[in-house]
Amino acid sequence: MNLELALRMCEAAVKQAAREGALVSVAVVDAGGHLVAFQRMDGARITGPVLAPGKAYTAVAHGMPTADLAPLVLPGGELYGLPGDRYVCFGGGVPLGGSGDERGAGGVVGAVGVSGGTVSQDVACAEAAASLREGHSRIYQ
């Protein structure tokens, strides 16, 4: 993950948000969950600067979309009790895959998190951003 790609991903998410009619915040993190880039659209909710990086961190930490974690953290789920101050387990966080020479055998190299729209809008914006990173969808299918 580098700054140039992270900024392009933020822009892709913001463009998708405009198409969706949403006002969002977007965060891109590296493989360690450290923030690389962040953008907040004018008028976006005040929760975005916390939730978007949280979704990105959660996606990279677990190597799966945050939407897929949601049922696992409900009472009776395998990960019940997991959510803490950095974990956000509802849609809008998408991990980013890498080539074998970047991290192991094509593991997670970062993640994007989006917050501010509906869950489906956040997911669409995160997917638009992640589509710039070749191979992202293969790591969690």
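Biologist: What share of the 141 residues in the chain is buried?

Modeller: Good place to start! This is a predicted model, where local features need pLDDT of at least 70 and side-chain atom pairs count only at pLDDT 80 or more, while totals for chains, interfaces and linings use all residues. Residues are numbered from 1 along each chain as its sequence is written, and side-chain values use heavy atoms, leaving out hydrogens and water. With buried taken as under 20% relative accessible area (exposed is over 50%, partly exposed lies in between; 1.4 Å probe, protein chains only), the share is 46%.

Biologist: Which pattern does the chain follow when read along the sequence?

Modeller: Helices (H or I, at least four residues) and strands (E, at least two) are DSSP runs, numbered from the N terminus. On that basis the chain has 4 helices and 4 strands. Along the sequence they come in the pattern α-β-β-α-α-β-β-α.

Biologist: Which strands stand at the edges of the sheet?

Modeller: Two strands pair if DSSP finds at least two bridges between them. The 4 strands form an open sheet with antiparallel pairing, in the order β2-β1-β4-β3. Each edge strand has a single partner, so one side of each is left without a neighbour in the sheet; residues 35-40 and 93-97 make up these two strands, β2 and β3.

Biologist: Which residue in β2 stands opposite Ser25?

Modeller: Let's look at the hairpin that β1 and β2 form, with 4 residues between them. In the turn, Gly33 has a positive phi of about 80 degrees. Strand β1 (residues 25-30) runs antiparallel to β2, and 5 bridges join them. Across from Ser25 in β2 stands Arg40.

Biologist: And the helices on the sheet: at about what angle does α2 run to β4?

Modeller: Angles run from 0 to 180 degrees between N-to-C directions, with axes as lines fitted to C-alpha atoms, for helices over the stretch in contact (heavy atoms within 4.5 Å). Helix α1 (residues 3-20) packs on the sheet, touching β1, β2, β3 and β4 (108-115), and makes about 30 degrees with the direction of β2. Helix α2 also lies across β1, β2, β3 and β4, and its angle to β4 is about 150 degrees.

Biologist: How far does α1 reach from its first C-alpha to its last?

Modeller: The expected span of a helix is 1.5 Å times one less than its number of residues. With 18 residues, α1 is expected to span 26 Å, and its reach is close to that, at 25 Å.

Biologist: Which elements are included in what covers the buried residues of α1?

Modeller: An α-helix has 3.6 residues a turn, so residues three or four places apart point the same way. The buried residues of α1 include Leu5, Met9, Cys10, Ala13 and Ala17. Among the elements covering the buried residues of α1 are β1, β2, β3, β4 and α4.

Biologist: Which residue in β4 stands opposite Pro95?

Modeller: In a regular strand the side chains alternate between the two faces of the sheet. From β3, Gly93, Pro95 and Gly97 point one way and Val94 and Leu96 the other, and 5 of its 5 residues are buried. Strands β3 and β4 pair in the antiparallel sense over 5 bridges. Opposite Pro95 in β4 stands Ala111.

Biologist: How many disulfides does the structure hold?

Modeller: A disulfide counts as a pair of cysteine sulfur atoms within 2.5 Å. Cys10 is buried, at 0% relative accessibility, and Cys125 is buried too, also at 0%. The number of disulfides in the structure is 0.

Biologist: How many residues apart in sequence are the parts tied together by the pair Asp122 and Lys55?

Modeller: A salt bridge is a side-chain nitrogen of Lys or Arg within 4 Å of a carboxyl oxygen of Asp or Glu, and Asp122 and Lys55 form one at 3.0 Å, N to O. Asp122 is in helix α4 (residues 119-130) and Lys55 in helix α2 (residues 48-62), so the pair ties these parts together. Asp122 is buried at 3% relative accessibility, and Lys55 is buried at 0%. In sequence the parts are apart by 67 residues.
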